[in-house]
Amino acid sequence: MPELPEVEVIARGLHASAVGRTVESVGHADLTRLSESAETLLPKLPGRTILRIYRRAKVLLVEMSGDLVLAFHLKMTGRVVHGPKREPKRHDRLFLLLDDGSLLSFADMRKFGYVRSFTSKTLLEWDFLRNCGPEPLEVPAVDMAQRLRKRKAAVKSVLLNQAVIVGVGNIYADEALFRAGIHPETKAHLLGHSRAVRLFQELQTVLRQAIAENGSSIRDYVNAAGDAGAFQNSFNVYGKKGERCRVCSHTLEAVKVAGRTSTFCPKCQRK
DNA sequence: CCAAGCACCTGACGGC
DNA sequence: TGCCGTCAGGTGCTTG
């Protein structure tokens, strides 16, 4: 489900509504295949106060008192929602009951996602984050262009590679490539400097716009309050194979790059 | 080190 | 209606 904009929107929403609340109890837990076992994770939580909720790459981080950080990776279908207490449903994975009677819930239909706990020290040592590249909204487009052009793979797969730049997934890779007029199969190292810079300028624009519009909802994504985003209404190419290009009216096509469907306009996007 | 391909799950949708 | 194949906002592991 969530790429950078969606996780960012969730983090901001949770930060605004849940900071200062203390965990009273774990109301429900289905930790099957959840990376950290129930015996080690659950007893750590009651009594801790939520201090800060933020995002790094596509990971949602919940900083709690007593030097504990919960890391949620939502993968394709994970949700973290803060709202009124309710009964567990089929795909709910973890319920944290808070001291104002509200509920912080994690659900994940496909079970790809996970929760792990860290101290501030072990979080820094976590291989996943250590292997992550820079944040696209914190680094100049010129610097990202230089990183990209060191790779020989298709530009689309380089955009998806979290070791190069974090936060970009299939939606925003396709949308940024369209805006920059670049064919997804173009070899990254063959892109000229100016086209690579343009690509990251467009990427930054599309990520900021998506955050402002509350993220993109295809089927599963909802924000911290359980509401859908609106940016899917602004897509130019993602999921639009066979439709007309908004710019030139040519029929949009799709190819597989790095195993992912990549939709593009063959007239507007050149190798 | 880099790149490619499949595995991990469940559900929705289209074709027959 | 129902069965079957395909596809889905991501990453991890294996192989070359």
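**Figure 1. Antiparallel pairing of strand 3 with strand 4 in the predicted model.** Six bridges join strand 3, residues 59-64, to strand 4, residues 68-73, and the two strands run in the antiparallel sense. Within this pair, Met64 lies opposite Leu68 of strand 4.

**Figure 2. The open sheet and the helix packed on it.** The sheet has four strands, placed in the order 2-3-4-8, and their pairing is antiparallel. The edges are taken by strand 2 (50-56) and strand 8 (114-118); each has a single partner strand, so one side of each lacks a neighbour in the sheet. From one strand to the next, the twist averages 20°. Helix 1, which covers residues 4-18, packs on the sheet and touches strand 2 and strand 3. The direction of helix 1 makes about 170° with that of strand 2.

**Figure 3. Contact of helix 5 with helix 8.** Helix 5 spans residues 141-148 and helix 8 spans residues 193-212; their axes come within 8 Å and cross at roughly 120°. This angle falls outside the 65 to 115 range for roughly perpendicular axes and is not over 145, and helix 5 and helix 8 are therefore oblique to each other. Their crossing is right-handed. On the helix 5 side the contact is made by Ala141, Val142, Met144, Ala145 and Leu148, which meet His193, Ala196, Val197, Phe200, Gln201 and Gln204 of helix 8. By class, the residues of this contact are eight nonpolar, three polar and no charged.

**Figure 4. Contact of helix 7 with helix 8.** Helix 7 (residues 170-180) packs with helix 8 at an angle of about 125°, and the two axes are 8 Å apart. Helix 7 and helix 8 are therefore also oblique to each other, and the crossing of this pair is right-handed. Helix 7 contributes Tyr172, Glu175, Ala176, Arg179 and Ala180. Their counterparts in helix 8 are Arg195, Arg198, Leu199, Glu202, Leu203, Val206, Leu207 and Ala210. The contact of helix 7 with helix 8 consists of eight nonpolar, no polar and five charged residues.

**Figure 5. Residues around DNA strand B.** The charged residues at this surface number six; they are Arg33, Arg90, Arg110, Lys111, Arg151 and Lys152. Four nonpolar residues, Met109, Phe112, Ala153 and Ala258, also lie around DNA strand B. Ser157 and Gly259 make up the two polar residues of the surface near DNA strand B.

Definitions and conventions
Residues are numbered from 1 along each chain as its sequence is written. Chains are lettered from A and ligands numbered from 1 in the order in which they are written. This is a predicted model: local features need pLDDT of at least 70, side-chain atom pairs count only at pLDDT 80 or more; totals for chains, interfaces and linings use all residues. Two strands pair if DSSP finds at least two bridges between them. Axes are lines fitted to C-alpha atoms, for helices over the stretch in contact, and angles run from 0 to 180 degrees between N-to-C directions. Two residues are in contact if their C-beta atoms, placed from the backbone, lie within 7 Å. Angles under 35 degrees count as roughly parallel, over 145 as roughly antiparallel, 65 to 115 as roughly perpendicular and the rest as oblique. A crossing is left-handed if the near helix is turned anticlockwise from the far one by less than a right angle, and right-handed if clockwise. A residue is near a molecule or strand if its C-beta atom, placed from the backbone, lies within 6 Å of it.
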